[in-house]
Amino acid sequence: MTALDLSLDDSQTLQAIGILADVLDGVDGPGGLDTVLVSKALRQVIATKSQPAFEFASRAFNTLDPAVRRQVASTADIAAHSAVELRARVGGFLSTAPKKTVTQQGPVVSQQPSLITALNLRSRRRSTP
């Protein structure tokens, strides 16, 4: 997936961006202020659904320390997986079918995740409800 393939009108994409923003808000230690600024840029993408806002947030994410990006991508992947599982359990409880069937995909992890890579991780390890 590239930035051109990304639809900012897609609710799952916006949810993945929100998960990344939440994870960035929780980063402690050196670079914490930078992660908060990137989080705010991501929340601006959600609010505006604008491609220029996404490009700015992507550039800001890519300025983070590579170790921070890897940790954020990993934590966001776990959070996204948990959200999918919760949605499946709640959906079953409410007797409503999920909107889409999701298949499990192999990992898409690079040495230094970009924003696109981190967003792509949202589909990793999703199980079919």
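**Exercise 1. Is the crossing of helix 1 and helix 2 left-handed or right-handed?** Describe how the two helices are arranged.

*Solution.* The model is a predicted one, in which local features need pLDDT of at least 70 and side-chain atom pairs count only at pLDDT 80 or more, while totals for chains, interfaces and linings use all residues. Residues are numbered from 1 along each chain as its sequence is written, and side-chain values use heavy atoms, with hydrogens and water left out.

Step 1. Helices are DSSP runs of H or I with at least four residues, numbered from the N terminus; helix 1 covers residues 11–25 and helix 2 residues 32–48.

Step 2. The axes, lines fitted to C-alpha atoms over the stretch in contact, with angles from 0 to 180 degrees between N-to-C directions, come within 8 Å for helix 1 and helix 2 and cross at roughly 160°. That makes helix 1 roughly antiparallel to helix 2, a term for angles over 145 degrees.

Step 3. The crossing is left-handed, meaning that the near helix is turned anticlockwise from the far one by less than a right angle.

**Exercise 2. Which residues of helix 1 and helix 2 meet?** Sort the contact by class.

*Solution.* Step 1. Taking contact as heavy atoms within 4.5 Å, helix 1 contributes residues including L14, I17, D22 and D25, which face a set in helix 2 that includes V38, L42, R43 and I46.

Step 2. By class, this contact of helix 1 with helix 2 has 10 nonpolar, three polar and three charged residues; Ala, Val, Leu, Ile, Met, Phe, Trp, Tyr, Cys and Pro count as nonpolar, Asp, Glu, Lys and Arg as charged, and the others, Gly among them, as polar.

**Exercise 3. How many salt bridges does the structure hold?** Trace the residues that form them.

*Solution.* Step 1. There are two salt bridges, each a side-chain nitrogen of Lys or Arg within 4 Å of a carboxyl oxygen of Asp or Glu.

Step 2. In one, D22 pairs with R43, with the closest N and O atoms 2.7 Å apart; since D22 lies in helix 1 and R43 in helix 2, the pair ties together parts that are 21 residues apart in sequence.

Step 3. In the other, R43 meets D25, again at 2.7 Å from N to O, and this pair ties together parts 18 residues apart in sequence, because R43 lies in helix 2 and D25 in helix 1.

Step 4. D22, D25 and R43 are thus linked in a network of salt bridges.

Step 5. Partly exposed lies between buried (under 20% relative accessible area) and exposed (over 50%), with a 1.4 Å probe and protein chains only; D22 counts as such at 47%, R43 at 33% and D25 at 38%.

Key
Angles under 35 degrees count as roughly parallel, over 145 as roughly antiparallel, 65 to 115 as roughly perpendicular and the rest as oblique.
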